[in-house]
Each structure stands twice: as C-alpha cells, then as structure tokens.
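Subject: Structure for you to look at

Dear colleague,

I am passing on the structure we talked about, and below it you will find my notes on what came out of the analysis. Please read them with the structure open beside you.

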Amino acid sequence: NSNVFSLSSPAQAIIANGDPTRDDTIMRYTAGADATYAWGRQQIGGTVAGSIFDYTRFDRLNHKEYDLDGRYNWKLLDNIDGLLHYGQTGTMTPFGDVGGTQLELQTQRTGEGTFNINVLPEWRLETGAETIQNKSPRIGAPNYVARDTSGRLAALYLGVSGVTAGLR
C-alpha cells in the first residue's frame, strides 16, 4: 500500500508518525467456511471467516478481522415463506474516520426478518424488517454508535410469465 494512512504528503506523515514514510507491505491471511443445509422446504446456512493483517513497517497496525453470518430460510405450506438472518463483522475503521494514525476497530451487527405470503396464485405480499448497528470510532466520538432500523412492505403481481411487477 503506497499510502497506508491516506496522508497527502510526507510532511503530513512526519506530523502524524514522526517519519515521512507512508508506504508499507501488508500480508493478509484469510480462512473461512461456508455451509448450507436443506431439509424439506427449510434451509439453514452460515459463514465464518477471519483475516489476520500483518504490516511489515507499521506493525502497530497488525490486527484481526472477522465475518459471521447465519441464515434460516423457511417455507410453510406452498404459499408462506420467510427469512431470519443475523450477521456481524469486525473490521478496521478507515483512518479518515478516526482522524489519526492509530488502529481502531469497528463492529457492525445486522438482523433481518421477512414474512411473505402468496395471497392468490398471481399476487404476493412481502414484508420485512432490518436493523443495523455500527459501533465505530469517529473524530471526536470514540464511542460512536449508529443505528438504522427499517421496514418494508410490497405487493407484487406475478402473473406475467416470470416478470414481477408491484409496489414497494
């Protein structure tokens, strides 16, 4: 990486790190697994992955990141289905967000659920809710947490040979 900290000049690097050097070689080691299991109409699956970042020069930035994800797709009868999902990731906060050259880690959690029903053979009602929480240090707010919650409702017409139209 020719500019690890996204600094505009060597002079800025001297102020931030006491050294004009901005480049480094980073080795990233990643391992993970993904599995899905289906039984009848139901399907459950998940992903687990982890990475180790090893910096050659700026070794104070060495860190680990991860990704966890689980899903349950369910179906009841021929006309009712849905999804339950949870995910969590841990990553490095971009240096531009923390306003410095120190390592900060952020955590994002996502939860989602849907409930869908085919009301008639040609009509489908879809509902869903999602919540996202991002715990991420920011300039002047080291304990910053952003939360976003949303819901959705859609009425879809399925009657045109593979084409779906509707309102969401």
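I begin in the middle of the chain, where β5 and strand β6, the latter covering residues 123–135, run antiparallel and are joined by 13 bridges. The connection between β5 and β6 is a hairpin with 2 residues, and N118 has R124 of β6 as its bridge partner. Please keep in mind throughout that this is a predicted model.

On its other side, β6 pairs with strand β7 (residues 145–160), again in the antiparallel sense and over 13 bridges, with W123 finding its bridge partner in Y157 of β7. Going the other way from β5, there are 13 bridges between β4 and β5, which also run antiparallel, and here G90 is matched with T107 of β5 as its bridge partner.

The pairing of strand β3 (residues 63–76) with strand β4 (residues 80–92) is antiparallel as well and extends over 11 bridges, one of the matched positions being D69, whose bridge partner in β4 is G87. The hairpin of β3 and β4 has 3 residues between the strands, and in this hairpin L77 takes a positive phi near 60°. Towards the start of the sheet, β1 and strand β2 (residues 42–55) pair in the antiparallel sense over 14 bridges, and A31 is found opposite G50 of β2.

Put together, these pairings belong to an open sheet of 8 strands, in the order β1-β2-β3-β4-β5-β6-β7-β8 and with antiparallel pairing. Because β1 (26–39) and β8 (163–167) stand at the edges and have a single partner strand each, one side of each is left without a neighbour in the sheet. From one strand to the next, the twist averages 15°.

One residue that I looked at in more detail is R109, which is placed in strand β5 (residues 105–120). With a relative accessible area of 32%, R109 counts as partly exposed, because that value falls between the limits of 20% for buried and 50% for exposed. If neighbours within four places in sequence are left aside, R109 is in contact with Y86, G87, Q88, T131, I132 and Q133. R109 and R147 are 38 residues apart along the chain, and their C-alpha atoms are separated by 9.6 Å.

As for the aromatic residues, the count comes to 6 aromatic pairs, and F5, F58 and F95 are linked by ring pairs into a cluster.

Finally, some values for the chain as a whole, which has 2 helices and 8 strands, arranged from the N terminus on as α-β-β-β-β-α-β-β-β-β. The radius of gyration is 23 Å, whereas the globule rule gives 15 Å for 168 residues, so the chain is more spread out than a compact globule. The C-alpha trace spans about 70 × 30 × 30 Å along its principal axes. Of the 168 residues in the chain, 26% are buried, and the chain exposes about 10600 Å², of which carbon and sulfur atoms supply 56%. Among the contacts between residues at least 6 apart in sequence, 44% join residues that are at least 24 apart.

With best regards

Definitions and conventions. Residues are numbered from 1 along each chain as its sequence is written. This is a predicted model: local features need pLDDT of at least 70, side-chain atom pairs count only at pLDDT 80 or more; totals for chains, interfaces and linings use all residues. Side-chain values use heavy atoms; hydrogens and water are left out. Two strands pair if DSSP finds at least two bridges between them. Helices (H or I, at least four residues) and strands (E, at least two) are DSSP runs, numbered from the N terminus. Axes are lines fitted to C-alpha atoms, for helices over the stretch in contact, and angles run from 0 to 180 degrees between N-to-C directions. The radius of gyration is taken over C-alpha atoms; the globule rule is 2.2 Å times the number of residues to the power 0.38. Buried means under 20% relative accessible area, exposed over 50%, partly exposed in between (1.4 Å probe, protein chains only). Contact means heavy atoms within 4.5 Å. Accessible areas come from the Shrake-Rupley method with a 1.4 Å probe; for residues, only the protein chains shown count as cover. Rings of Phe, Tyr and Trp (its six-membered ring) pair if their centres lie within 6.5 Å; planes under 30 degrees apart count as stacked, over 60 as edge-to-face and the rest as tilted.
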